[in-house]
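Here are my notes for your first look at this one. Have the model open while you read.

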Amino acid sequence: MTELIASLSNPLVKKARALRQRKARAETGLFLVEGIHHVGEAAEAGWDIQSVLYAPDLLASGFGRDLVARLEKQNLPVRPVSAAVMDSLSDKDNPTGLLALVSRRSLTLLGLPAADVSSAVALVSPQDPGNVGSILRSLDAAGADALFLLDGGVDAYHPSLVRASMGTLFWKPVVSASFDEYLAWARRGGMQILGSSARAPADYRTVRPAVPWILLLGSEQKGLTPAQQEACDAVVSLPMRGRASSLNLSAAAGILLYEWLK
């Protein structure tokens, strides 16, 4: 039986802990995946799992234990750790006792043919990883094909984004690019670009996208700039009937996706 890791200073534990920082993820090409469902999705989708850590005292789920056994049979480095070690690595109050170090994938616009995208979401400089993960989950549920992260902002492999995506990160392409690169790619593919702004005169229910199309959303604080709105084929708004002046970014994306993909 593999020896249980109980030291917080173990090299593998320190490596895993460092992956909570963007710099370490960029330098190593790895990211953390925490939770039974998320690790299971990464494995099923065929992502390159470098190491698996599990806490026998915490992993009560039969499915989770079966997953560990399957990963061991695939000759992956699977290491048991103490509950204290797992607690030091987890950002959850009640860790399920399983996490993995997984290799990142760097998908570019050149690697995503426009013909493979009939509907998608593009976010300009998003700042909240939870929002981005939720949008990825919503676009998967609604039936859209891809997510574009434009002009920096959130790292696609931030732990909060991975968790909020509920595993959809491993199935839907996520592409990072500049706004200008994305715009050129979309135009070459004949895609309709639909923006959203609280001040747009067109109600979202009066617009029906022509396939292929991309929903373009600005950052949580600044929204789309005038130049970015000018690049859109149409800009729509969602009616605000109460005192709130705007919706959460992921809520707005979910409403628009379900309206236009119904």
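**Notes on two helices**

1. Start just past α6, where glycine 143 has a positive phi, near 105°. Helices here are DSSP runs of H or I with at least four residues, strands are runs of E with at least two, and both are numbered from the N terminus. This is a predicted model, with local features needing pLDDT of at least 70 and side-chain atom pairs pLDDT 80 or more, while totals for chains, interfaces and linings use all residues. Residues are numbered from 1 along each chain as its sequence is written, and side-chain values use heavy atoms, leaving out hydrogens and water.

2. At the N-terminal end of α6, aspartate 128 acts as the cap: one of its side-chain oxygens is 2.8 Å from the backbone nitrogen of glycine 130.

3. Buried residues of α6 include Val132, Ile135, Leu136 and Leu139. (Buried is under 20% relative accessible area, exposed is over 50%, with a 1.4 Å probe and protein chains only.) Among the elements covering them are β5, β6, α7 (159–164), β7 and α10 (249–260), where contact means heavy atoms within 4.5 Å.

4. Now to α8, residues 179–188: which of its residues are buried? They are Phe179, Tyr182, Leu183, Trp185 and Ala186. Looking down the axis of α8, these fall within an arc of 165°, so they line one face of the helix; the arc is taken from the directions from the helix axis to the C-beta atoms. Asp180 and Arg188, on the other side, are exposed.

5. The buried residues of α8 pack against β5, β6, β7, β8, β10 and α9. Right after α8 comes glycine 190, with a positive phi of about 65°.

Key: Polar contact = N/O pair within 3.5 Å; in protein donor to acceptor, adjacent residues only side chain to side chain.
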